[in-house]
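User: Hi! I have a model open and would like to understand the reasoning behind some of the labels used for it. Could you take me through them?

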Amino acid sequence: PRPETEELVENILFLYDDYFKGKDIDVVDIGTGSGCISVTLAAEEPHMHLKATDISGRALNVARSNAKKMNVNIDFKEGNMLEPVMNDKFDILVSNPPYIRKDEIKKLSEEVQKEPKIALDGGEDGLDFYRIIAEQAINYLKTGSFLCFEIGYNQKNDVIKIIEDEQNYKNTYCKKDLYGNDRIIISKVN
């Protein structure tokens with residue numbers, strides 16, 4: 001994982017300690033990709049019971065392999081966004097969705113461009129997946145639960161507005177990464 005994603009995981013572990021310490025909770029990672037978020041959370045906190053979704057079967061194979069290497073148990077589900085967990089409720093929903101604007105992808109470093117386009121393309125403004133998740137997540141979150149996102153360094157105000165426009169969340173805030181960029185959004189369910 002990139003350092004920003006490591007910081008997202010660290011902040012979720014802090015949330016767990018602050019709100020759920022010692023309790024078993026249900027966590028879902030939407031768009032898990034290689035599984036770095038879900039695998040790390042499962043390895044670090046055994047009270048977290050994890051499910052992880054991705055539309056790509058190839059990505060889920062990598063995630064399963066990573067989970068096996070770390071000897072953690074995660075329920076991986078193939079499908080679009082939240083569809084694979086439609087009958088479940090969670091205490092924490094986390095996502096590092098594709099957030100690059102379509103017209104910015106070709107400007108990325110060669111290393112980043114090696115990633116599958118589906119893992120990068122956040123639509124015309126880079127915010128498509130935040131809109132979808134913020135709108136739908138309320139149906140999958142328990143009372144007192146949390147919605148957690150990694151965002152692009154310049155998306156703080158837009159993503160907070162998307163979340164607040166849904167009117168199902170409160171106490172939305174942003175955390176900076178080690179470089180001083182806005183990178184992590186956390187919001188509590190009303």
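Analyst: Happy to! Buried means under 20% relative accessible area, and exposed means over 50%. Keep in mind that this is a predicted model.

User: Thanks. Why is M81 called buried or exposed, whichever applies?

Analyst: The relative accessibility of M81 is 14%. The cut-off for buried is under 20%, so M81 counts as buried. You will find M81 in the loop between β3 (74-78) and β4.

User: What makes the phi of M81 worth a remark?

Analyst: Its sign. Most residues other than glycine have a negative phi. In M81, which is not a glycine, phi is positive, near 50 degrees.

User: What about N171: where is it, and what is its phi?

Analyst: N171 sits in strand β6 (residues 169-176). Phi of N171 is also a positive value in a residue other than glycine, near 55 degrees.

User: And why is N171 called buried or exposed?

Analyst: Exposed takes over 50%. N171 has 55% relative accessibility, so it counts as exposed.

User: How do you know whether L93 is buried or exposed?

Analyst: L93 has 0% relative accessibility, and with the limit for buried at under 20%, it counts as buried. L93 belongs to strand β4 (residues 90-95). Leaving aside residues up to four places away in sequence, L93 touches nine residues by name: V28, I30, L82, I133, A137, L141, F146, L147 and C148. L93 and S145 are 52 residues apart in sequence, with their C-alpha atoms 8.1 Å apart in space.

User: Which residues have the most contacts inside the largest nonpolar core?

Analyst: They are I12, V27, L41, M48, I74, I92 and C148, in a core of 28 residues. Helix α1 (residues 3-19) gives the largest share of this core, six residues. L93 is in a second, separate core of 24 residues, which also includes V85, A137 and I160.

User: Why are α5 and α6 called roughly parallel?

Analyst: Helix α5 (residues 128-137) and helix α6 (residues 156-165) pack at an angle of about 25 degrees, with axes 9 Å apart. Angles under 35 degrees count as roughly parallel, and α5 and α6 therefore get that label. Their crossing is right-handed.

User: Which residues meet where α5 and α6 pack?

Analyst: Y130, R131 and A134 in α5 meet V159, I162 and I163 in α6. By class, this contact has five nonpolar, no polar and one charged residues. Arg counts as charged, so R131 is the charged one.

Terms used. Residues numbered from 1 in each chain as written. Predicted model: local features only at pLDDT ≥ 70, side-chain atom pairs only at ≥ 80, totals over all residues. Heavy atoms only, no water. Helix = DSSP H or I, 4+ residues; strand = E, 2+ residues; numbered from the N terminus. Buried < 20%, exposed > 50% of the residue type's maximum accessible area, 1.4 Å probe, protein only. Contact = heavy atoms within 4.5 Å. Axes fitted to C-alpha atoms, helices over the stretch in contact; angles between N-to-C directions. Parallel < 35°, antiparallel > 145°, perpendicular 65-115°, else oblique. Left-handed = near helix turned anticlockwise from the far one by under 90°. Core = buried A, V, L, I, M, F, W, Y, C linked by side-chain atoms within 4.5 Å.
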